[in-house]
Protein chains: 2
Amino acid sequence: MSAIADVARLAGVAKATASRALSGRGYVSEVTRLKVVAAARAIGYVASPNAASLVTGRTKSIGVIIPFISRWFFSEVLESMEEALLAEGYDMTLYNLPASSPERDSVFEYFLARKRFDGVISVGVALSEGEVDHLHRLGRPLVGIGGPIRGVQTIAIDDVAAARLATEHLLSLGHHDILHIGGNQTDEMDFKVHSQRLTGFYAAMHEAGCRTEGAFFPCEFTMPSGYLVGLSVFGDPRSRPTAVFAASDEIAIGLIVAARELGIQVPADLSVIGIDGHPYADMFRLTTLEQHPRRQGRLAVDTLLAELESPTHREESDQLTVLPTNLVFRSSTSAPRSPLGGSPD
Amino acid sequence: MSAIADVARLAGVAKATASRALSGRGYVSEVTRLKVVAAARAIGYVASPNAASLVTGRTKSIGVIIPFISRWFFSEVLESMEEALLAEGYDMTLYNLPASSPERDSVFEYFLARKRFDGVISVGVALSEGEVDHLHRLGRPLVGIGGPIRGVQTIAIDDVAAARLATEHLLSLGHHDILHIGGNQTDEMDFKVHSQRLTGFYAAMHEAGCRTEGAFFPCEFTMPSGYLVGLSVFGDPRSRPTAVFAASDEIAIGLIVAARELGIQVPADLSVIGIDGHPYADMFRLTTLEQHPRRQGRLAVDTLLAELESPTHREESDQLTVLPTNLVFRSSTSAPRSPLGGSPD
DNA sequence: CCTCGTTCTGGAACCGGTTCCATGAATATC
DNA sequence: GATATTCATGGAACCGGTTCCAGAACGAGG
């Protein structure tokens with residue numbers, strides 16, 4: 001509607017002066033600045049960022065690539081990022097890209113090439129080197145959440161360590177017959193979270209001298225999937241473990257629901273630990289390793305905006321920020337029943 | 001990097017011709033069109049939508065206002081909208097605005113005034129008349145999901161009818177002592193879903209001649225909240241109903257988990273019905289009214305894009321599209337035990 | 001008094017596209 | 001064969017800002 005030319009005319013100054021007055025760059029006397037601001041307010045002037053970005057190259061908008069919206073971790077990250085960006089005056093443009101989806105390439109070719117945003121945050125999507133280079137050539141900083149990308153600032157938890165910690169928690173309670181139920185490498189996630197959690201599990205088990213053959217069952221990262229796997233794995237009393245390390249809280253809760261239905265006491269007959277810190281964990285009294293997705297989102301935004309403020313050399317910025325996890329000990333884990341059938345003393 | 005002028009130079013034509021060739025508007029001979037397209041491909045040219053929107057007024061981007069990202073209904077809607085928009089070449093810019101949040105006004109004043117999008121979809125946020133007018137003055141169509149806004153195309157289910165249907169399902173099974181556990185008017189939602197579901201419940205109950213004093217308990221729309229309310233409401237056996245109509249599946253599932261922990265058999269001792277069609281419903285065998293949020297999102301996008309294609313007069317478009325719900329009968333509902341203590345025959 | 005540096009302002013170019021308008025060629029109409 | 005139409009193209013203006021540059025006004029320093 002109203003352009004800066006209108007403001008300038010009303011204030012009786014040139015476009016250039018009006019622009020300087022409103023943006024705060026360059027010399028403007030205090031009296032004309034006030035005149036211009038008053039004129040702008042009078043006609044309800046709001047600058048068009050499109051026009052400005054055409055010449056400045058800055059869009060005040062950042063793009064987010066994310067494989068899921070409806071799963072807990074991702075929606076939490078998203079919410080926290082949106083909040084942080086809004087507070088800084090940035091728009092957030094969302095690209096929901098299931099890893100290896102058919103749209104994947106076209107999004108990069110088309111959407112990301114349009115220089116519509118100042119930077120990109122990739123949540124749980126491993127970009128290829130070519131894609132990373134592409135963004136760098138455009139001078140667009142990139143921050144990742146959920147796993148290292150070469151040459152990119154990344155925020156993540158240490159999945160190997162978290163899995164090890166969870167497993168060690170069960171081991172320290174006296175369990176030896178422990179299962180890991182989680183993702184396998186071939187499924188929908190780009191990053192190595194699945195294999196890393198598996199690695200951490202194996203490492204802890206081997207260190208404790210426990211056998212791990214047949215100790216892993218694949219499972220989608222959802223509650224219904226955990227439930228179904230639970231029904232099938234716990235269905236046979238002879239193969240039933242004394243403890244399970246689930247790769248996510250949703251899986252863990254599905255397992256607990258399945259166990260309850262099968263008449264298996266948690267934790268007396270079966271201990272269950274998850275990873276996440278899901279809001280449902282408390283009502284199922286689930287012991288879990290909290291990973292605070294909102295902090296990760298917040299930090300990703302801060303990192304990206306800092307990079308926009310004062311660009312660093314790419315080499316320097318090649319680093320991984322590891323956020324801590326913390327164990328929340330609830331009553332889904334305990335020492336196993338004495339193997340001789342008595343209760344533990 | 002590369003601009004349309006470069007393409008034109010390489011193809012040996014004028015900027016105007018290159019623009020016509022690439023956009024498909026206006027007369028261009030087939031041979032020059034191919035030359036231009038080849039040149040564009042050769043230098044990896046991608047048009048800047050910012051520059052284009054400056055003159056066309058179209059941004060190929062739409063804004064979405066939504067109060068939650070992490071709750072099921074909203075994340076489903078969001079995912080489906082993103083998918084539909086991406087397929088049509090539109091970007092989606094997200095504004096996560098908890099109703100009556102402090103940022104609420106500034107977003108409207110600032111973000112929405114910057115003519116950055118061609119249209120707006122408001123999911124579960126009731127815009128004020130002033131805000132609606134503002135968008136209309138800017139010529140930006142607006143589509144709502146989740147409840148009628150004056151003068152705006154809206155997509156929703158009939159919450160009164162859905163609540164009535166759910167209640168009637170319980171009544172038809174022979175229940176009389178039915179509770180409604182759901183939202184109250186004063187909580188965080190803008191729209192009237194809460195009060196409408198309550199209205200439908202009361203209507204069905206009164207029609208059936210059932211008393212409703214003390215039959216409503218307020219509850220946040222989450223599983224943990226349903227669980228806590230369930231523990232407290234079902235805790236006293238004397239005040240326990242034979243059936244509950246929960247305003248959402250998450251509440252219903254929380255209630256079921258609470259009932260199980262209290263040793264209450266579902267459905268023998270207590271029938272539970274929800275509204276949503278949540279993916280967890282199946283594993284808890286929850287009878288529910290499915291409301292298909294993805295369809296709502298999809299339809300909202302289709303409606304908005306159609307409006308952008310061929311704008312209609314505001315008066316004509318003032319309408320509410322009511323999407324159907326359907327009852328999925330699982331085993332969380334059944335006839336009540338005979339009040340005399342025997343089993344029903 | 002002249003020169004220099006600082007502050008302030010306006011004119012004009014520019015960002016990267018689209019579109020209006022004029023011109024010219026090819027084809028159709030009478 | 002003269003006159004309309006349709007098609008094809010280039011030049012230039014324009015969208016709404018920012019920024020470069022030149023020039024004016026002013027006080028300070030020599």
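This is a short talk on how two chains, A and B, meet in one structure, and on the spaces and backbone features found there.

Before anything else, please keep in mind that what we are looking at is a predicted model, and that every value I give is computed from it.

Let me start with the interface. The contact draws on 53 residues from chain A and 53 residues from chain B. The size of an interface is often given as the accessible area lost when the parts come together. For chain A and chain B that buried area is about 4600 Å², with carbon and sulfur atoms giving 57% of it. On the chain A side, the residues that lose the most area to chain B are Asn50(A), Arg116(A) and Met283(A), and together they account for 15% of what that side buries.

Turning to specific interactions, the rule finds six salt bridges across the interface of chain A and chain B, while a search of the whole structure, over all chains, finds 34. One of the pairs is Asp91(B) with Arg116(A), whose closest N and O atoms are 2.8 Å apart. Asp91(B) sits in strand S2 of chain B, and Arg116(A) sits in the loop between H6 and strand S3 (119-123) of chain A, so this salt bridge joins two chains. Another pair is Glu261(A) and Arg260(B), where the closest N and O atoms are 3.3 Å apart. In addition, 25 residue pairs are in polar contact across the interface of chain A and chain B. As for the elements involved, those of chain A that each supply at least two residues to the side touching chain B include helix H4 (49-56), strand S2 (91-96) and helix H11 (249-261). By class, that side of chain A has 27 nonpolar, 12 polar and 14 charged residues.

Now to the enclosed spaces. Rolling a probe the size of a water molecule over the atoms shows where empty space is left. By this rule there are three cavities of 30 Å³ or more, and I will speak about the second largest, which holds about 160 Å³ of space. Which residues lie nearest the centre of that cavity? Of the 14 residues in its lining, they are Ser61(A), Arg116(A), Ser61(B), Thr93(B) and Arg116(B). Two elements give two or more residues to this lining, namely S2 of chain A and strand S2 (91-96) of chain B. The lining divides into two nonpolar, eight polar and four charged residues.

The second largest pocket has a volume of about 1500 Å³, and among its 39 lining residues Tyr45(A), Ala47(A), Ser48(A), Pro49(A) and Ala52(A) lie nearest its centre. Helix H2 (15-23), helix H3 (30-42), H4 and helix H12 (293-309) of chain A, together with helix H4 (49-56) of chain B, each give two or more residues to the lining, and the largest share, six residues, comes from H4(A). By class this lining has 18 nonpolar, 11 polar and 10 charged residues.

Finally, some backbone features. In chain A, a cis peptide bond with omega of about 10° joins Val266(A) and Pro267(A), and Pro267(A) lies in the loop between H11 and strand S9 (271-276). In chain B, a cis peptide bond joins Val266(B) and Pro267(B), again with omega of about 10°, and Pro267(B) is placed in the loop between helix H11 (249-261) and strand S9 (271-276). Lys60(B), although not a glycine, has a positive phi of about 55°, and this residue lies in the loop between H4 and strand S1 (61-66) of chain B.

Note on methods. Residues numbered from 1 in each chain as written. Chains lettered and ligands numbered in written order. Predicted model: local features only at pLDDT ≥ 70, side-chain atom pairs only at ≥ 80, totals over all residues. Heavy atoms only, no water. Contact = heavy atoms within 4.5 Å. Buried area = accessible area lost by both parts, 1.4 Å probe. Salt bridge = Lys/Arg side-chain N within 4 Å of Asp/Glu carboxyl O. Polar contact = N/O pair within 3.5 Å; in protein donor to acceptor, adjacent residues only side chain to side chain. Helix = DSSP H or I, 4+ residues; strand = E, 2+ residues; numbered from the N terminus. Nonpolar A, V, L, I, M, F, W, Y, C, P; charged D, E, K, R; others polar. 1 Å grid on protein atoms, 1.4 Å probe; cavity = no way out; pocket = protein on both sides within 12 Å on 5 of 7 lines; lining within 4 Å. Points joined across faces, edges and corners; volume = space filled by probe spheres on them.
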